[in-house]
Amino acid sequence: MQHSVQAIGYDLIIDTVNGKEKQEEAQLHRYNKLKKNIIWATVLTIPVVLIGMMFMDMPYANYIMLVLTELHSDLSFQN
């Protein structure tokens, strides 16, 4: 049964001695990864918004926004 569950992308914590600790560690790891993604999304989104709203006539603005957007999507699909 554990192999079937793992085959569809989930995992089981069966160890009764350290099960709670392993679960908390996995949740902390997921939280830290999510926090890092949100920080990078914010860092890459702010320039896109500023360029799109205030600096529309800037040379190569569309290309700069495209690159920043692609960086954001690459980072979000790596995880």
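Okay, quick definition before I start: when I say helix, I mean a DSSP run of H or I at least four residues long, numbered from the N terminus. And keep in mind that what you're looking at is a predicted model.

So, the overall picture. We've got 3 helices and 0 strands, and reading along the sequence gives you α-α-α. Now the dimensions. The C-alpha trace spans about 60 × 25 × 10 Å along its principal axes. The radius of gyration is 20 Å, where a compact globule of 79 residues would come in near 12 Å. On burial, 11% of the 79 residues count as buried. The accessible surface adds up to about 7000 Å², and carbon and sulfur atoms own 64% of that.

Let me start with one of the residues in α2. L44 sits in that helix. Is L44 buried or exposed? Well, its relative accessible area is 9%, and the cut-off for buried is under 20%, so L44 is buried. There's also a contact across the sequence here: L44 and H72 are 28 residues apart along the chain, yet their C-alpha atoms are separated by 6.4 Å.

Stay on α2, because L50 is in that helix too. L50 has a relative accessible area of 37%, which makes it partly exposed.

L50 also brings me to the surface. L50 belongs to a nonpolar patch, together with I46, V49, M53, M54, F55, M58, Y60, Y63, I64 and L66. Taken together, the patch has about 1200 Å² of accessible area. Which elements give two or more residues to the patch? Those are α2, residues 19-53, and α3, residues 61-78. The largest share comes from α2, with 4 residues.

Two of the patch members are tyrosines, Y60 and Y63, and I want to spend a minute on them. How many aromatic pairs does the count come to? The count is 1, and the pair is Y60 with Y63. Their ring centres are 6.3 Å apart, inside the 6.5 Å limit, so they qualify as a pair. The planes sit at 45°, which is neither under 30 degrees nor over 60, so we call the pair tilted. As for accessibility, Y60 comes out at 62% and counts as exposed. Y63 is exposed as well, at 57%.

To wrap up with the two leucines: L44 is buried at 9%, while L50 is partly exposed at 37%. That's what I had, happy to pull up the structure and go through any of it.

Methods
Residues are numbered from 1 along each chain as its sequence is written. This is a predicted model: local features need pLDDT of at least 70, side-chain atom pairs count only at pLDDT 80 or more; totals for chains, interfaces and linings use all residues. Side-chain values use heavy atoms; hydrogens and water are left out. Patches are made of residues with over 30% relative accessible area and no salt bridge: like charges are joined within 9 Å, nonpolar side chains (Val, Leu, Ile, Met, Phe, Trp, Tyr) within 5 Å. Accessible areas come from the Shrake-Rupley method with a 1.4 Å probe; for residues, only the protein chains shown count as cover. A salt bridge is a side-chain nitrogen of Lys or Arg within 4 Å of a carboxyl oxygen of Asp or Glu. Buried means under 20% relative accessible area, exposed over 50%, partly exposed in between (1.4 Å probe, protein chains only). Rings of Phe, Tyr and Trp (its six-membered ring) pair if their centres lie within 6.5 Å; planes under 30 degrees apart count as stacked, over 60 as edge-to-face and the rest as tilted. The radius of gyration is taken over C-alpha atoms; the globule rule is 2.2 Å times the number of residues to the power 0.38.
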